[in-house]
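Please look through the sequence and the structure below before you begin. The exercises that come after them are each followed by a worked solution.

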Amino acid sequence: MITGVVTNIQYFTMFDGPGIRTTVFLKGCRLNCRWCHNPEGVRHYPEVFHLWSNCNDCGQCDNICPTGALQVVERLGHEGGVVTGGNAPGSIPIENRDKMVRKIRIDKGLCLGCRQCVEACPQAAFVISGEIMTVDEVIEKVAEERLMYENSDGGGLTLSGGEPTAQPEFCLALLKAAKEKGINTALDTCGYVRWDILNEMLDYTDVVLFDIKNMAPKAHREFTGVSNDLIQENARRIIARGGVEMRVRIPVIPGINDSAENMEKAAEFICALGLKAVDILPFHPWAGQSYRLLGLDYPFTVGEWYPGEKQERIEEIFRANGLKPNRLGG
Ligand code: SF4
Ligand code: SF4
C-alpha cells in the first residue's frame, strides 16, 4: 500500500489550475526558498510545532517529552500577570509577541512524534503538521467534490506542496488514481526533479503549473538553495514532449525577483517556450503570519502590501513581450 505525508487538503481552490479544485499539499521540498509561504511543508516528515500565541505558560508540558526534544528557550513574562486573550481561551494575542510568556524549541531530530505534548496541552498549543495517508484515503476525499469539478470549468485535483514530486511514488500514484476516476489533474511543481520521474507523472497530468522563481543562476541558488539549470531544462522538455497544458507561474517576491531585468528575462524565456500567457502570483502580505505562529523568523514585513504600481509595471513588461499576464489573487 502506497502512503505519503500530506500537510493539508484544501477544498474550493480557485487559483491552482482550471475551474474549482481540491488542492492536496504534499509535505517536503528539495528547495529552501527564503520566502516560502508554507514553512511547515518544507520537511518531508510529520513534525510538531509550538503555537506560542496559544500558550499561557501553564507548565503542563514541563518534563512531558520522553526524549527531551522540548526546551523552553524564552520566558519573558507578561504585564501584570494579566493574560489578554487570543486564539484559545486565556492565551496571548499574536500581535503581543513582546508579552509572550514561553517560547519552546523542538529538536526535530529527537522528536518521536509520540503526541504526548499535543495531548497534554490544554491550550492546543502543540500541533502536528503532516499526516500519513494512503492513496485511497486522499482520492476518496478528492472524489467527494466530483460534482463541483463537473460544474466548474475543468476543475479537479491539484497536487501542490512543498514540492509534490519530492514524494515521487505517492505523487504518481495519486495522479494515476485520479485519472482512473476521470478527475482532471494538475501538478504544481518547481520543476526541480529528475526528468524520467516527471515525464512518467505527465502521462497522468492534464495541466502543469510550473514555477519560475528567478532567471539569474546565482540569485536562484542564493535564494532557493539550488541551481535553475534543471528547472529551465525541464520546462523546455515539457513543451517538447507535449500532451499536457503548460502554465508558467511567477511568484513576485520583493527584492528577490521583482526587478525589471529579471522579469524581462522571464518574459523572453516564456516566449521562447511558445506560450502566450503567464500567471503572476502577487506577493501576499500575510504570508509571514504562519512563520510568526510557528515562532520562526520571517525575512519580510508582515502586513505590508506590495505597491500596486510596481505590480502593474511587472505586468506591463509581459504585455510588451506579447504575453497575457493573469494576476492570480492579490
Ligand atoms: S505549551 Fe501548553 S502545556 Fe505547555 S505551557 Fe504552554 S499552554 Fe501549558
Ligand atoms: S511528540 Fe513526543 S517526542 Fe515529539 S516533542 Fe512532543 S512529547 Fe516530545
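What follows is a set of exercises on one chain, each with its solution.

This is a predicted model, in which local features need pLDDT of at least 70, side-chain atom pairs count only at pLDDT 80 or more, and totals for chains, interfaces and linings use all residues. Residues are numbered from 1 along each chain as its sequence is written, while chains are lettered from A and ligands numbered from 1 in the order in which they are written.

**Exercise 1. Find which stretch of the chain has pLDDT under 50.**

Solution. Begin with the term itself: pLDDT is the predictor's confidence in each residue, from 0 to 100. Over the chain its mean is 87, and 87% of the residues reach 70 or more. The stretch asked for is residues 78-92, for which the model nevertheless has 34 contacts beyond four places in sequence, a contact being a pair of residues whose C-beta atoms, placed from the backbone, lie within 7 Å. Where pLDDT is low, the predicted coordinates should not be read in detail.

**Exercise 2. Describe the largest nonpolar core and state which helix gives the most to it.**

Solution. First fix the terms. A residue is buried if 20 or more other C-beta atoms lie within 10 Å of its own, exposed if 12 or fewer, and partly exposed in between, with C-beta atoms placed from the backbone. A nonpolar core is then a set of buried Ala, Val, Leu, Ile, Met, Phe, Trp, Tyr and Cys residues joined through C-beta atoms within 7 Å.

Next, apply them: the largest core has 60 residues, and among those with the most contacts inside it are Val-24, Leu-159 and Cys-171. Helix α4 (residues 168-180) gives the most to this core, with eight residues; helices (H or I, at least four residues) and strands (E, at least two) are DSSP runs, numbered from the N terminus.

Then look at the helix more closely. The buried residues of α4 include Phe-170, Cys-171, Leu-174 and Ala-178, and its buried residues pack against β1 (3-13), β2 (21-26), α2 (135-143), β8 (156-160), β9 (184-189) and α5 (195-202). Leaving aside neighbours within four places in sequence, Cys-171 is in contact with Leu-26, Leu-159, Pro-164, Thr-165 and Met-201.

**Exercise 3. Work out which residues come nearest to ligand 2, and how its shell divides by class.**

Solution. A residue is near a molecule if its C-beta atom, placed from the backbone, lies within 6 Å of it. Of the 14 residues around ligand 2, those that come nearest are Cys-65, Cys-111, Cys-114, Gln-116 and Cys-117. For the classes, Ala, Val, Leu, Ile, Met, Phe, Trp, Tyr, Cys and Pro count as nonpolar, Asp, Glu, Lys and Arg as charged, and the others, Gly among them, as polar. The shell accordingly has ten nonpolar, three polar and one charged residues.

**Exercise 4. Decide whether Asn-63 is buried or exposed, and do likewise for Ala-124.**

Solution. Start with the backbone: Asn-63, although not a glycine, has a positive phi of about 60°, and Ala-124, also not a glycine, has a positive phi of about 55°. Most residues other than glycine have a negative phi, and most peptide bonds are trans. Asn-63 lies in the loop between β3 (47-50) and β4 (70-74), and Asn-63 counts as exposed because it has 9 C-beta neighbours inside 10 Å. Ala-124 lies in the loop between α1 (116-120) and β6 (126-129), and with 13 other C-beta atoms within 10 Å Ala-124 is partly exposed.

Definitions and conventions
Contact = placed C-beta atoms within 7 Å.
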